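The following exercises ask the reader to work from the sequence and the structure to a reasoned description of the fold. Each task is followed by a solution in steps.

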Amino acid sequence: MKAATWFPVLQLLASGELISGAALGATLGLTRAAIWQRVTYLRALGLPVDADESGYRLEGGAYIPLASVLSAKTALPVHIEPELVSTNAQTMAKAPTTQCVLAIYQSGGRGRRGRTWTGVPGRSLMLSLGRTLALPAMRLSGLSIAVGVALCEFLRGLGADAQLKWPNDVWVDQRKLAGLLMELQGGVHDTVYVVLGLGLNIKPVSVPGVGTASIEEVLGRAWGDDDTAGLLRALDQSLQEFSEREPETLVEAFHRVSALTGRSVVVNDGNHTRVGVMAGIDRDGAMLLMTDSGLVTLMAGDVSVRAIG
């Protein structure tokens, strides 16, 4: 179903208030059968829409950002689309333009290592920020860690006990709150266009096999455009200031928000599975893993906390 079909219904249900089928139909010029068809589709996307004889109500409502507000509050060109295949792909296609692209729904969102990122319309913040950095790709080691640290620090400033699960997931109470995906376009020896993708659970979402947290659960309040604007400013600032950041300060900042330092973990880098205690990161953002065979440096990998006993 095209976004032009389901998105107007979501906008009317976004307040979380009860609205009758007749009112929905009159506002949108649709029959009750057509409204029901669209509500059924929204449910299939993961939205908990209640329906009874009185009408329809979206439990917890939905967050629908406004591009005009975000652009004014961030000094970034912000574009919002009801539906995209991928905000990262849309942003990369417009390189080297500085911009932010948000999608109410991503039909093909991606996480690390080609995995699917599941987001629910109006309950997950799905965006990409693109900016050209005057650095060669070889000098961008640690950038994803720096952005992850900035994200955790921003969320902590709001009152969320956010921790960075190396390399680019954000946890609260060992539940996933957000994920980052960074992609680069450019030469080895000149400027690089960086696209930073973010998926953040705003309202409660359910992902099979994954423990999830949401901003509104953690903060006990609604998320709004002021929060999104502050988040964008923090992420953009971390990108712009990376070239001036001393590696030692990145290591120190990482340890303040690290979810895994000192813990027994299992790391799979696609070729090997290693078990050890995470000893932190080096100047390039690589994991330092203390194994029975000695200290191992890992640039990437899937990490899980090792069960004790």
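The exercises below concern a predicted model, and they proceed from the sheet to its hairpins, its helices and selected residues.

**Exercise 1. The sheet**

Determine the strand order of the open sheet and identify its edge strands.

Solution.
- Step 1. Following the pairing across the open sheet gives 7 strands in the order 3-4-5-9-8-7-6, and the pairing is mixed.
- Step 2. Strand 3 (78-84) and strand 6 each pair on one side only and are therefore the edge strands.
- Step 3. From one strand to the next, the twist averages 25 degrees.
- Step 4. Within this order, strand 5 (residues 124-133) and strand 9 (residues 192-201) are antiparallel and share 10 bridges. In this pair, Gly130 is opposite Val195 of strand 9.

**Exercise 2. Two hairpins around strand 7**

Describe how strand 7 is connected to strand 6 and to strand 8, and state which way its side chains point.

Solution.
- Step 1. Strand 6 (residues 163-165) runs antiparallel to strand 7, to which 3 bridges join it. Gln163 has Trp171 of strand 7 as its bridge partner.
- Step 2. These two strands form a hairpin with 3 residues between them. Pro167 belongs to the loop between strand 6 and strand 7, and the peptide bond between Trp166 and Pro167 is cis, with omega about 5 degrees.
- Step 3. On the other side, strand 7 is joined to strand 8 (residues 175-186) by 4 bridges, again in an antiparallel arrangement. Val172 faces Arg175 of strand 8.
- Step 4. Strand 7 and strand 8 form a hairpin with 2 residues between them, and Asp173 in this turn has a positive phi of about 55 degrees. Gln174, in the loop between strand 7 and strand 8, has a positive phi of about 60 degrees and is not a glycine.
- Step 5. The relative accessible area of Gln174 is 47%, so this residue is partly exposed.
- Step 6. In a regular strand, side chains alternate between the two faces of the sheet. In strand 7 (residues 169-172), Asp169 and Trp171 point one way and Val170 and Val172 the other, and all are buried.

**Exercise 3. Helices and their packing**

Classify the crossing of helix 6 and helix 9, and state which strands helix 6 and helix 1 meet.

Solution.
- Step 1. The axes of helix 6 (residues 143-158) and helix 9 (residues 247-257) come within 10 Å and cross at roughly 50 degrees.
- Step 2. Angles from 65 to 115 degrees would count as roughly perpendicular and those under 35 as roughly parallel; helix 6 and helix 9 are therefore oblique to each other.
- Step 3. Their crossing is left-handed. Residues making the contact include Ile145, Ala146 and Val149 of helix 6 and Leu250, Ala253 and Phe254 of helix 9.
- Step 4. Helix 6 also lies across strand 5, strand 6, strand 7, strand 8 and strand 9, and runs at about 140 degrees to strand 8.

For helix 1, return to the sheet, in which strand 5 and strand 9 pair over 10 bridges. Helix 1 (residues 3-13) packs on this sheet and touches strand 3 and strand 4 (99-106), its direction making about 110 degrees with that of strand 3.

**Exercise 4. Thr74 and the residue after it**

Is Thr74 buried or exposed, and which polar contacts does its side chain make?

Solution.
- Step 1. Thr74 is in helix 4 (residues 67-74). Its relative accessibility is 11%, so Thr74 counts as buried.
- Step 2. A polar atom of the Thr74 side chain lies 2.7 Å from the backbone oxygen of Leu70, and the side chain reaches the backbone nitrogen of Leu76 at 3.1 Å.
- Step 3. Beyond its neighbours within four places in sequence, Thr74 is in contact with Ala229, Leu232 and Arg233.
- Step 4. Ala75 lies in the loop between helix 4 and strand 3 and has a positive phi, near 60 degrees. With a relative accessible area of 71%, Ala75 is exposed.

**Exercise 5. Gln99**

Where does Gln99 lie, and what surrounds it?

Solution.
- Step 1. Gln99 lies in strand 4 and, at 1% relative accessibility, counts as buried.
- Step 2. A polar atom of its side chain is 3.4 Å from the backbone oxygen of Thr91.
- Step 3. Leaving aside neighbours within four places in sequence, the contacts of Gln99 include Pro77, His79, Ser128 and Tyr193.
- Step 4. In the loop between helix 5 (87-92) and strand 4 lies Pro96, joined to Ala95 by a cis peptide bond with omega about 5 degrees.

Technical notes:
Residues numbered from 1 in each chain as written. Predicted model: local features only at pLDDT ≥ 70, side-chain atom pairs only at ≥ 80, totals over all residues. Heavy atoms only, no water. Buried < 20%, exposed > 50% of the residue type's maximum accessible area, 1.4 Å probe, protein only. Polar contact = N/O pair within 3.5 Å; in protein donor to acceptor, adjacent residues only side chain to side chain. Contact = heavy atoms within 4.5 Å. Axes fitted to C-alpha atoms, helices over the stretch in contact; angles between N-to-C directions. Parallel < 35°, antiparallel > 145°, perpendicular 65-115°, else oblique. Left-handed = near helix turned anticlockwise from the far one by under 90°.
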